[in-house]
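User: I am new to reading protein models and would like to learn how to look at one feature at a time. Could you guide me through this one?
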Amino acid sequence: MSRTVLHIAIPSPLRRHFDYLAPAAPVEPGCRVRVHFGRQQLVGVVLGTADGSTVPLEKLRPVEAVLDASPLLPPDLRELLHWASAYYHHPIGEVYAGALPVALRQGQPAQLRGLRRYALTDAGRAADPGQLKRAPRQAALLAHLQRLAAPAAADALTEVAGWQGAMPRLEEKGWVLQDDTPALPPAVTAGSDTPPALGTAQQAAVDAVGAAFGRYAGFLLDGVTGSGKTEVYLRLIAQALAAGRQTLVLVPEIGLTPQLLERFRRRFPVPIAVLHSGLADGERLNAWLAARAGLAPIVIGTRSAVFTPLPRLGLIIVDEEHDPSFKQQDGFRYSARDVAVVRAQKAGVPVILGSATPALESLANASTGRYVRLELPERAGSAIHPQLHLLDIRHQRLDGGISEPLYGVMGRHLERGGQVLLFLNRRGYAPVLLCHDCGWVASCRRCDAHLTYHAGHKRIRCHHCGTERPLPQQCGGCGSHDLRPIGHGTERVEEALRARFPAIGIERIDRDATRRKGSLEAKLERVHSGEARILIGTQMLAKGHHFPDVTLVGILDADQGLFSADFRAGERMAQLILQVAGRAGRAERPGEVLIQTHHTDHPLLRLLIDEGYGAFAAAALEERRQAELPPYAFLALLRAEAPAAAVPLAFLEEARQLAGGLQPEGVLLLGPVPAPMEKRAGRFRAQLLLQAAGRAALHRLLDRWLPLLEESKAGRRVRWSLDVDPGEMF
Ligand code: ADP
Ligand code: ZN
Ligand code: ZN
C-alpha cells in the first residue's frame with residue numbers, strides 16, 4: 001500500500017532529509033511540522049512529498065503536528081537555501097534552522113505580536129511634569145512621553161530609570177493609555193530629512209544602479225570613508241520605494257549603529273525591519289514577519305538577514321562588504337555577502353557591494369567584469385582626506401605603548417581643540433604576565449595561549465576559551481612575587497593617558513568597557529559633546545561611527561598584522577588602518593593619521609601609505625596570484641578536533657586517503673597539519689586544506705568525498721566540519 005510521505009528538513013548533522021508519514025490533510029512544502037526524532041521532539045520544515053520511501057513504511061513515524069497552515073518559507077527562499085546547502089556542503093536541516101528566527105525554530109506561531117505601546121491622553125499632553133515634584137520618576141516619564149509625541153514602545157522608554165514602576169501611576173491619573181494594536185516592528189518617525197544635491201560621481205553611481213532595476217547586475221561601490229556611499233544607498237532605496245519594492249541592506253555586526261538607523265529613519269517615513277542578534281526573540285520574530293509579509297519596505301540586518309523572505313525584493317545592498325563578520329565562523333559557515341550576490345542573481349535584482357577598502361576578491365571580480373565598478377574618489381561636501389604617515393618606533397621609548405613623537409603631536413592637536421583617537425586592537429591591560437625571576441608566564445591550561453591580564457577586574461583571562469582566574473600573587477614556577485605585565489592592551493594605554501593628561505576627558509571603547517547596556521551610547525555621547533577629548537579603543541571604533549572633531553588618529557601597533565600565519569592578515573590590517581583613519585577629519589578640519597611601526601620599509605605597508613589602497617590591493621593580488629591563493633584559487637578546509645592530539649590527525653589522514661581514492665583531478669590536498677593554535681578550549685585541532693584552480697573541480701570532489709567522511713569510523717571520534725571559502729585559516 002502506498003502512503004504519502006513527507007520529506008522533512010530537520011536540524012541534524014546528517015546531510016540528508018528525513019521521511020515521515022503525512023497527515024490526512026495535505027501539507028505544502030515550506031510549512032513547519034513537529035516530529036519525533038530519536039528521543040527528541042524537533043521542529044522541521046517540509047521540503048516535499050512522495051508516494052513512498054526507501055525506508056519500509058511500517059518503520060516511518062507520523063508527523064506530530066503541522067505548525068503552519070500556509071508555507072512559512074516561499075519557494076524562492078527555499079531555492080536559495082538549497083543552493084547554500086549544496087555550495088557550502090552543509091546539512092539542509094541546519095541550513096533551514098539557521099534561516100529562521102529562534103521563536104519559529106522553537107515552534108511558536110508565525111504571527112505578528114502586538115507590541116504594547118503607551119500613548120498620552122489629551123489630559124496627559126496638557127499635564128505639567130513640574131506638578132509631580134514628589135514623584136521625580138513619574139515627572140521624568142511624563143516629560144519623556146511628551147517629548148516623543150507619538151505612542152512609545154518599551155524600547156523607547158528604557159532611558160527613563162524606573163519607568164515600569166511609574167507608568168501605572170500615570171495610567172491611574174488618566175494621562176496614559178495602553179494601546180495593544182499589532183504594531184509594525186520599530187517605531188515610525190516621519191522622514192524629515194532633505195537630501196543633499198548629489199556630486200557628479202554619486203549621481204553617476206545612482207544612475208548606473210537605477211538603470212539596472214528589474215534585472216540582475218552586480219556593482220562594487222568603491223569610495224573612501226565619507227565619500228557619500230550611504231547617500232547613494234539612500235537615493236536608490238528611495239527609487240525602490242517609489243516602485244513599491246523592498247530593499248535588503250546588510251551591514252557588519254558592529255556596523256549597525258544607532259546613528260545609521262537614525263539616518264534611515266529620518267529619511268524614510270516607512271516601517272524599517274531591523275534584524276540582528278542583539279534583539280529579543282519576540283522583536284526579531286516581528287521584524288522577520290513584517291519583512292516576509294511585505295509590510296516593511298526596508299530591511300536592515302546583519303549576516304543572517306540575508307535569508308529573510310522578501311516578497312517584493314527590488315534591491316540588495318551590502319555595506320562594508322569586506323568585513324569578515326559577513327562570514328559565519330561556526331556551524332553553517334556561509335558568507336552573507338556571497339549569498340547576497342547569488343540571491344540577487346536568482347531574484348533578478350541589482351546588488352551593490354560598498355566599501356572604502358573592498359575585499360581583494362571583490363576587486364578581482366570587478367576587474368574581470370563580473371561586477372561594475374563605481375568609484376567615489378572624493379569626500380562629500382567640504383571634508384578633506386586625512387594624511388597618513390608612518391612613525392618609526394625602533395629605539396623609541398614607549399610609555400603606555402605610545403612614543404614621545406606621538407605624544408607631542410597629540411599635545412598639539414589637543415591644544416588646538418581637536419580630539420584624538422587611538423587605536424589598538426588588543427583589550428585588557430597586558431597580553432602577558434611574566435615572572436621576572438624565572439621567566440614563567442601565566443598561560444591557559446586549556447589552550448596554547450597566554451592569559452591576558454585585566455587590571456580593572458584584577459583577573460587573568462584567556463581570550464580564546466574564556467577561562468579566568470584571580471590575579472596570581474606569586475609566580476606559578478618559583479613562587480617569586482615579582483610578576484610583571486608585558487606588552488600593552490587598551491587598559492594600560494588608558495592608564496598612561498590619564499597620567500599624562502590628567503585634565504582631559506578620556507574614554508576607552510572596547511568590549512570590556514561597553515558590556516553594560518547603554519554604556520557604549522553614553523561613551524559616544526561624551527565624545528560627541530566634547531566632554532571626552534581622547535578616545536582609545538579596539539576595532540569597535542573602526543566602523544560606522546562619525547567623529548567630526550577628531551583631527552588626529554594614532555594607530556599604536558601596525559606590526560600585529562604583518563607577520564601572521566593567515567594569508568589574509570595583511571589585507572585585514574590595511575583595511576583596519578584605513579577604516580580607523582577614516583574616522584578623522586570628516587568635517588572641515590583636516591585629519592592627520594600617524595601609524596606606529598617597527599617596519600617602515602615593509603613593502604606593502606609603504607604602498608598603502610604612499611599610494612593608497614588601490615596600489616596596495618594590486619600588489620597584494622599579484623602576491624596571491626603567484627602563491628595560487630584566492631581569488632586565483634578556491635579553498636576548502638576540513639577541520640577536526642578531539643581531546644587527544646593524535647585522533648583528529650588520524651581522521652584527517654584517512655580523509656586524505658579517501659580523497660586520493662577519488663582521483664581528485666585539479667585539487668591539491670595539503671596536510672593534515674595541526675592548527676596554528678593546536679590546543680583550544682581543551683581540544684586538539686588539526687586541518688586538511690583543499691586547493692583547486694577551479695571551483696567546479698573542487699565541488700566535484702566534495703560531492704563525492706563527504707558521503708565517505710560521514711561513513712568514516714574515525715570521523716565519529718572527532719568533531720569535524722567543512723569550511724568552503726574559509727575566511728580564516730585556523
Ligand atoms: P560614506 O557612507 O561613504 O562614509 P556618507 O554617505 O555617510 O559617506 O557621507 C558622508 C557625509 O557627507 C555625511 O554627513 C553625508 O550627509 C554627507 N554627504 C553625502 N553626500 C553629500 C553631498 N552630495 N553633498 C553634501 N554632503 C553630502
Ligand atoms: Zn618565577
Ligand atoms: Zn583558553
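User: Which residue just after H12 takes a positive phi?

Analyst: Please keep in mind that this is a predicted model. Just after helix H12 comes Gly-369, whose phi is positive, at about 90°.

User: Is helix H12 itself mostly covered or mostly open, and how many of its residues are buried?

Analyst: A residue is called buried when its relative accessible area is under 20%. For H12, which spans residues 360-367, 7 of the 8 residues are buried, and the helix is thus mostly covered. Those buried residues are Leu-360, Glu-361, Ser-362, Leu-363, Ala-364, Asn-365 and Ala-366.

User: What covers the buried residues of H12?

Analyst: The cover includes three strands, E9 (217-223), E14 (350-355) and E15 (372-376), together with the helices H11 (336-347), H16 (569-581) and H18 (613-627).

User: How many cavities of 30 Å³ or more are there, and what lines the largest cavity?

Analyst: Rolling a probe the size of a water molecule over the atoms shows where empty space is left. Here the count is 2 cavities of 30 Å³ or more, and the largest cavity holds about 70 Å³ of space. Among the residues lining the largest cavity are Val-43, Val-45, Tyr-96, Leu-100 and Arg-105, while strand E4 (40-50) and helix H2 (92-99) each supply at least two residues of that lining. By type, the lining divides into 7 nonpolar residues, 2 polar and 1 charged.

User: Which stretches make up domain 1 and domain 4, and what distance separates their centres?

Analyst: The domain assignment gives residues 5-105 to domain 1, and 387-430 + 487-622 to domain 4. Taken over C-alpha atoms, the centres of domain 1 and domain 4 are separated by 49 Å.

Definitions and conventions: Residues numbered from 1 in each chain as written. Chains lettered and ligands numbered in written order. Predicted model: local features only at pLDDT ≥ 70, side-chain atom pairs only at ≥ 80, totals over all residues. Heavy atoms only, no water. Buried < 20%, exposed > 50% of the residue type's maximum accessible area, 1.4 Å probe, protein only. Helix = DSSP H or I, 4+ residues; strand = E, 2+ residues; numbered from the N terminus. Contact = heavy atoms within 4.5 Å. Domains from an automatic or database assignment. 1 Å grid on protein atoms, 1.4 Å probe; cavity = no way out; pocket = protein on both sides within 12 Å on 5 of 7 lines; lining within 4 Å. Points joined across faces, edges and corners; volume = space filled by probe spheres on them. Nonpolar A, V, L, I, M, F, W, Y, C, P; charged D, E, K, R; others polar.
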